[in-house]
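Got the structure open in your viewer? Let's walk through it together, one selection at a time.

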Amino acid sequence: MDTDGTHETRPSHTGQIPRPATPPKPSHAPTAGPTLGDWLRVPRSSDGPGVWTYGHVPRGAEAPEVTPTRQLVSGALISLLAGLLLWSLLWNGYLGGFWLWPMYMFTPDSWAHSGSYKTVWVAGIWYAIVLAILAVVFGRLGRWPELGRLVIGHLGRFLGKAGGPAAVGPVPAVPVAGGDDDPARWPQLRGAGLGDVADRLEGEAGGGRMNDVDYARIRRAWDSVRVDPSRMRAFADSVRDKGAGACVHPSGDRDLPVRAARHDLLARQVLLGTVEDGVRNPYARRGTSLALDPDVLGTSLLAVGPSGTGKTQRLVRPVVESLALQALAGQAAVVAVGAAGAQLGPDAAYDVVVRVGDPGSVYDLDLYGGATDPDEAATLLAEAFVGDVPGIDVRRAATALAQLLGPFRTAYGRFPAVPELRELLDQVPAAFDALRRELAADGAAHHAMLRELDARTRQHGAHGDPGPALADRVALLDRPAFAGFFDTTGQGRPFSLRALEHPIRVRVDLPERGHADASRMLARLLLAQFNAAAAARADRSLFAFLAFDDASHTLTPETVRGVQRLRSAHAGVLLTLRTLDDVPEALRTPLLGAVGCRMAFSGVTTWDGRRFAEAWGTEWVETRDVTHRTVFADQPLTRAIHAFRKLVTGKAVTTDAVTVRQVERERWSASDLAHAVPPGHAVLSLTSVKGERAAPLLVRLAGTS
């Protein structure tokens, strides 16, 4: 059990870091779980998106027909009595001796006349065959096997050994320890002729010096070797030299300081909760564990729920933690954005921690997202600065910014810092004249940039000029609290989202309390930069992910369109909201359509529930309508019987008319989402990047008692 009270069942490991003279205080309790080899040998199967594949046993699509226990017992008893009656009639000769003819036909006459013991054996065998036939026939009529399974099930529950859901189809075979297909023996390396390398890794795992992150990282490195065989020698030398520490992450970390959720790095999954075993969920998913992986996160996820429902602890942190582990395995790059103080994991779990507004922050934030083209940088800034301002054309704002960024970069070889950009937007004469003189010093070479400045001068103050609005927004960042941040002179250590091509773990802390407007503007900037950087990556082998602990007032029309395009760029985002009212009215429907995974926590309002109900659509369900009709008798005797029955029961004699029909109903209504979701639960629908869908499921989130 970890220090935060959550259980962890990952492979046990030791010896990741050389022991110092005085061992430090452990960050969590010793892990009690399967060994790495046992963990690897557990079969993994999936029958839909979001299924926790570790040891999963598929269920049937429909619930098996269950006969009431009373009917089973009475039927079995009646069939048993009928079978005994038939046997008694046969044995006592009331039905004749026809059933003994086969025995006489196959018994030699010499045996019958000699009184040999063989005749007794033949008779006994024949009686047993007849009894077996009777048992099979009457057992099938009385459903004895079904009654036996019911009794065994009740006995198992009584002994505390209740079984899981009934399996359908073949159960995946478990690899034999030490066999040719044992994943702990690295058969893929042995097949490539690297037997000594496989022996080294097998010894590391057997000695407890390899953990699940090491296995996933080395397997990822081997996959890259298969793509580019020229790396094979370097890979083999690294493993021979360092063993389980080969191909380590640039940070040198081989695990996170602490884990708050259960992970399966072999399937790249994080356990989110358990699907409720109720009629609201499809039978095949009832009681199964639900997990998230890059296959579904690649379609992006929107989660809505009021404060205190566990969005951070039960969703954002487990997802970010899973992708941080995958980053250590060389499979992903993750950026987590939240308010300062949000519980998104310790600083040691990240490679870069940007604390905007904190003088002690080691890293800075690149305001221009690593862009070198003035037009691209202007587009990103305009989206962040005025993308949420009604009545302002973002394209005109981008043009106004480009008219300043281009000349400034041409003159000074860099983009302007925040105070310099504010002065240019306010048309401060000293700043403008200095920039003009710098451009004019090179003669006609910068004539085009001088024209850009002249155009900005003419447009300043005109009707519809976005300059004043841009200046007001830049002023939010030109505060003493942000002094030293957003540096463009090369003196700081700015983080740029262009680093998504590397397996990096980043956390950005925004000053939500003291500078709410600036924090929202920076969140919009990060989302716009992420959309651009993820799509512009030359190498998309890493899964890039951006998680917002609070995406309120962050979305704009262009960023919503960018989110929809992320699935083709092997990237995704996680957006959490307290309510859909934090999104402009015109963007609520497009936002629900842009994401592939939607999650409604308990306590959402009926207004938000209506949006989710519309997004999840309807389904055909079978309904039964029972109509009671009073029976009117014509005969005097029948009327007397009916009158007596009514006197005794107090009810008139009726007949039931049952009408079965198919009707179209909402999967989850707005009222159900607002009032029928218990605390600690959520309704979640999933879509994979391949187009597979999982209907809305009522899930009991992990950590809920």
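What follows is a series of stops, each with something to select and a look at what is there. Keep in mind throughout that this is a predicted model.

**Stop 1: a pair of crossing helices**

Select α18, residues 467-477, together with α19, residues 516-536. At what angle do these two helices pack? The answer is about 105°, and their axes are 9 Å apart. Angles from 65 to 115 degrees count as roughly perpendicular, so that is the label for α18 and α19.

Now show side chains. On the α18 side, pick R473, L476 and L477; on the α19 side, pick D517, A518, M521, L522 and R524. Those residues make the contact. Colour them by class and you get five nonpolar and three charged residues, with no polar ones.

**Stop 2: the largest nonpolar core**

Stay with L477, and add F385, F486, F495 and F530. Within the largest nonpolar core, which has 92 residues, these five touch the most other members. Which element gives the most to this core? That's α19, with ten residues.

Zoom in on F495. Beyond its sequence neighbours within four places, F495 contacts V335, V352, V354, D364, L365, D366, I504 and V506. There is also a second, separate core, made of 44 residues; L256, V275, L328 and A694 are among them.

**Stop 3: L510, on a strand**

Next, select β9, residues 505-510, and click on L510. Is L510 buried or exposed? Its relative accessibility is 6%, so it counts as buried. Draw a C-alpha to C-alpha distance from L510 to R355: the two are 155 residues apart in sequence but 6.6 Å apart in space.

Then bring up what L510 touches, skipping residues up to four places away in sequence: V337, G338, A339, A340, V356, S519, L522 and A523. L522 takes you back to Stop 1, where it was part of the α19 side of the contact with α18.

**Stop 4: G370, in a loop**

Move to the loop between β7 (364-365) and α13, and select G370. This glycine is partly exposed, at 29% relative accessible area. With sequence neighbours up to four places away left out, G370 touches S496 and R498. Add A533 to the selection: it is 163 residues from G370 in sequence, with 9.0 Å between the C-alpha atoms.

**Stop 5: α15 and its buried face**

Select α15, residues 418-425, and highlight V418, L421, L424 and L425, which are buried. Turn the view to look down the helix axis: these buried residues fall within an arc of 125°, so they line one face of α15. What covers them? The cover includes α13 (374-386), α14 (394-412), α16 (429-440) and α18. Just after the helix, have a look at Q427, which has a positive phi near 60°.

**Stop 6: α10, two sides**

Do the same with α10, residues 232-242, where F235, A236, S238 and V239 are buried. They span an arc of only 160° around the axis, which puts them on the same side of the helix. Spin to the other side and you'll find R233, A234 and D241 exposed. The cover over the buried residues includes α7 (187-191), α8 (195-206) and α9 (212-227). After α10 comes G243, again with a positive phi, near 65°.

**Stop 7: two backbone oddities**

Most residues other than glycine have a negative phi. Two exceptions are worth a click here. R268 sits in the loop between β1 (263-264) and β2 (269-275), and its phi is positive, about 60°. R268 is partly exposed, at 21% relative accessible area. H553, in the loop between β10 (543-548) and α20 (557-564), has a positive phi of about 55°. It is partly exposed as well, at 34%.

**Last stop: L95**

Finish at L95, in the loop between α2 (69-91) and α3 (101-105). With 38% relative accessibility, L95 counts as partly exposed. Its contacts, apart from neighbours within four places in sequence, are L86, L89 and L90. For a parting view, zoom out and join L95 to G572: they are 477 residues apart along the chain, and 78 Å separates their C-alpha atoms.

Methods
Residues numbered from 1 in each chain as written. Predicted model: local features only at pLDDT ≥ 70, side-chain atom pairs only at ≥ 80, totals over all residues. Heavy atoms only, no water. Axes fitted to C-alpha atoms, helices over the stretch in contact; angles between N-to-C directions. Helix = DSSP H or I, 4+ residues; strand = E, 2+ residues; numbered from the N terminus. Parallel < 35°, antiparallel > 145°, perpendicular 65-115°, else oblique. Contact = heavy atoms within 4.5 Å. Nonpolar A, V, L, I, M, F, W, Y, C, P; charged D, E, K, R; others polar. Core = buried A, V, L, I, M, F, W, Y, C linked by side-chain atoms within 4.5 Å. Buried < 20%, exposed > 50% of the residue type's maximum accessible area, 1.4 Å probe, protein only. Arc of directions from axis to C-beta.
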